Amino acid sequence: MLVEKNTPLQDCNTFGIVASADTLVRVRSVADVQDFAASPVYRGRRSFVLGGGSNIVLTGDVVRAVVVKVEIPGIRLQEETERHWIVEAGAGERWHDVVAWTVAHGYPGLENLALVPGTVGAAPVQNIGAYGIELQDRFHSLDAVDLRSGAVFSLDAGQCAFGYRDSVFKHAPSSNGLGMGLAGCAVITTVRLALPKPWKPELSYLDLQRRQQEEGVEQPTAQQIFDWVCAIRRAKLPDPAVIGNAGSFFKNPTVSEDQCRDILAREPKIVHYPMDDGSIKLAAGWMIDACGWKGKSLGHAGVYDKQALVLVNRGTGGVNVTGGEVMTLASAIQTSVYERFGIRLEPEPVVV
């Protein structure tokens with residue numbers, strides 16, 4: 001493992017927030033993670049696991065926790081069964097690169113998740129999802145290292161306790177030792193994905209249906225869907241390399257049918273989607289836009305003018321956005337949405 005002191009983190013978070021790590025440890029193998037866990041220098045110190053930095057907001061000048069930067073590489077077809085291709089990837093691989101690799105090698109199933117930012121190791125933590133597919137729909141298993149003991153362990157989908165943008169890795173262990181929370185206690189090293197045979201396209205989202213109609217394609221290939229998703233996302237979402245952001249900043253809230261009926265009586269145009277469990281998902285971006293926030297700014301934090309669900313870095317001339325400005329804007333948006341719709345929006349990024 002490679003240890004660095006007083007390391008700048010501006011290039012390690014896609015918002016481009018200026019901060020530094022008191023100590024940053026780069027791990028590039030399972031052995032590196034075990035060495036870190038066994039080191040008496042770091043034992044007992046709080047750690048913060050960092051992947052691509054696409055889902056965090058840094059609110060202080062210095063991160064005092066030991067930052068564990070996961071850079072474990074590798075992509076391969078591990079196994080082929082009658083029903084699936086099992087693809088294995090190192091936690092440090094860029095997620096989009098893995099999606100592109102699977103499509104190019106003829107293993108379809110991840111194409112709807114193209115251009116989702118971040119690394120492979122972060123994907124199960126967040127249970128990433130886009131255009132009708134969530135990671136849990138394609139998940140097989142993962143390997144991780146317990147930072148308390150250095151032991152390697154594996155989890156299947158059930159053990160990961162996936163929920164909407166949620167997993168066991170987002171919950172701290174309970175104080176009595178019961179429960180399965182693993183936040184701050186484990187580093188994911190490898191993720192395996194089960195890609196289905198036979199494959200069929202997922203076209204439930206209106207944007208994809210429109211593309212299909214525009215191009216007159218009755219049975220699109222995985223490559224075509226991959227290309228469509230990339231084009232749609234690039235048209236709607238800012239490139240973090242150009243405009244700092246952390247992707248969708250708020251989760252789409254879910255309500256009961258009765259709650260949805262009450263809201264529709266007041267707001268008949270609200271965008272909503274029925275879920276398999278009978279609940280209704282509301283479009284957070286639509287609500288934020290309806291409250292007049294699209295294109296607005298507070299300090300150097302702003303709401304993207306093409307997609308109200310995305311908060312952006314509007315710092316210029318060497319003056320950068322701060323994490324405090326981002327969270328002040330987020331709080332103001334939450335207040336507006338709650339006052340108009342009675343819905344409390346929940347942020348997606350981890351606030352550090």
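1. Contact here means heavy atoms within 4.5 Å. In this predicted model, helix 7, formed by residues 257-266, lies across strand 15, strand 16 and strand 17. The helix runs at about 45° to strand 17.

2. The strands beneath this description belong to one open sheet of three strands, ordered 15-17-16, with antiparallel pairing. Strand 15 (254-255) and strand 16 (272-274) are at the edges; each has a single partner strand, so one side of each is left without a neighbour in the sheet.

3. The pairing of strand 16 with strand 17 may be followed by residue. Strand 17 covers residues 280-282, and three bridges join it to strand 16 in an antiparallel arrangement. Pro274 has Ile280, in strand 17, as its bridge partner.

4. A separate point concerns Arg192, which is found in strand 13, residues 186-196. Is Arg192 buried or exposed? Its relative accessible area is 7%, and buried means under 20%, so Arg192 counts as buried.

5. The surroundings of Arg192 come from several parts of the chain. With neighbours within four places in sequence left aside, Arg192 is in contact with Gln78, Ile86, Val87, Glu88, Phe139, His140, Ser141, Leu142, Asp143 and Ser154. One of these residues, Asp143, is also joined to Arg192 by a side-chain polar contact of 2.8 Å.

6. As a reference for distance, Arg192 and Asp305 are 113 residues apart along the chain, and their C-alpha atoms are separated by 37 Å.

Conventions: Residues numbered from 1 in each chain as written. Predicted model: local features only at pLDDT ≥ 70, side-chain atom pairs only at ≥ 80, totals over all residues. Heavy atoms only, no water. Pairing = 2+ DSSP bridges. Helix = DSSP H or I, 4+ residues; strand = E, 2+ residues; numbered from the N terminus. Axes fitted to C-alpha atoms, helices over the stretch in contact; angles between N-to-C directions. Buried < 20%, exposed > 50% of the residue type's maximum accessible area, 1.4 Å probe, protein only. Polar contact = N/O pair within 3.5 Å; in protein donor to acceptor, adjacent residues only side chain to side chain.
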